[in-house]
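User: Please take a close look at a single part of this model, one that you choose yourself, and place it within the chain as a whole before you go into detail. I would like a connected account rather than a list.

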Amino acid sequence: PLGLLLDRIAGMASAFVEPTLWESHLKVAEWYSRNKRFTQSLLVLREVIITCLCENTGSDPYDLDVRERITAELNEQCQTSKDPIHRLWNRVRRIRNNVGHAFMKQKDDESTPAKMAGRIRELIDEASLALKGKER
């Protein structure tokens with residue numbers, strides 16, 4: 001019975017094939033957003049940024065120590081830097097934390113699911129532009 005689905009599964013998976021790993025992951029974040037899986041979209045989007053920086057520095061994107069180091073650097077620099085990636089990281093981190101705490105921390109214009117969905121779509125577009133600008 002699974003054989004009947006293989007072509008369909010292969011077709012779905014091909015939608016995520018891109019020249020780089022981070023671009024493939026960005027497609028996954030977009031898919032989650034389109035399918036109203038906003039929390040998953042944010043989680044993947046956070047990892048997209050780290051993966052892009054790994055790939056741009058020639059680091060192994062699967063090396064957890066490298067990913068932790070990049071995360072620490074992003075967290076340290078995102079509050080004061082004007083760099084588009086640092087600003088993106090700060091927004092993703094803030095919105096991700098808001099979602100993770102079920103919108104309990106603050107009441108602002110991002111505190112409703114409908115508004116959050118729009119913000120996530122904006123973040124995906126912002127990520128595409130900021131990260132493409134950082135490619136080697």
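Analyst: A contact here means that heavy atoms lie within 4.5 Å of each other. With that in hand, and bearing in mind that this is a predicted model, one can begin with the chain: among its contacts with a separation of 6 or more, 53% are accounted for by residues 24 or more positions apart. The chain has six helices and zero strands, so that in the notation of helices read along the sequence, its pattern is α-α-α-α-α-α. Of its 136 residues, 36% are buried, while the area that the chain exposes comes to about 8,400 Å², with carbon and sulfur atoms supplying 55% of it.

The part I have chosen is helix 6, which runs over residues 113-132 and has 20 residues. From its first C-alpha to its last, helix 6 reaches 28 Å, which is close to the 28 Å expected at 1.5 Å a residue. Which residues of helix 6 are buried? They are M116, A117, R119, I120, L123, I124, A127, S128, A130 and L131, a list that includes the charged residue R119 and the polar residue S128. In general, an α-helix has 3.6 residues a turn, so residues three or four places apart point the same way. What covers the buried residues of helix 6 includes helix 2 (21-34), helix 3 (38-57) and helix 5 (84-100).

Two of those covering helices, helix 3 and helix 5, come up again at the largest pocket, which has a volume of about 180 Å³. Helix 3, helix 4 (64-77) and helix 5 are the elements that give two or more residues to the lining of this pocket, and helix 4 gives the most, with five residues. The lining consists of 11 residues, of which L53, E73, L74, Q77 and H86 lie nearest the centre of the pocket; by class, the lining is made up of four nonpolar, three polar and four charged residues.

Helix 2, another of the elements that cover helix 6, leads to one local detail of the backbone. In the loop between helix 2 and helix 3 lies K36, a residue that has a positive phi of about 60° although it is not a glycine. Is K36 buried or exposed? Because its relative accessibility is 63%, K36 counts as exposed, in contrast to the residues of helix 6 named above as buried, M116 and L131 among them.

Terms used. Residues are numbered from 1 along each chain as its sequence is written. This is a predicted model: local features need pLDDT of at least 70, side-chain atom pairs count only at pLDDT 80 or more; totals for chains, interfaces and linings use all residues. Side-chain values use heavy atoms; hydrogens and water are left out. Helices (H or I, at least four residues) and strands (E, at least two) are DSSP runs, numbered from the N terminus. The expected span of a helix is 1.5 Å times one less than its number of residues. Buried means under 20% relative accessible area, exposed over 50%, partly exposed in between (1.4 Å probe, protein chains only). On a 1 Å grid over the protein atoms alone, a cavity is a set of points where a 1.4 Å probe fits but cannot get out, and a pocket is an open set with protein on both sides within 12 Å along at least five of seven lines; lining residues have an atom within 4 Å of a point. Grid points are joined across faces, edges and corners, and a volume is the space filled by probe spheres set on the points. Accessible areas come from the Shrake-Rupley method with a 1.4 Å probe; for residues, only the protein chains shown count as cover.
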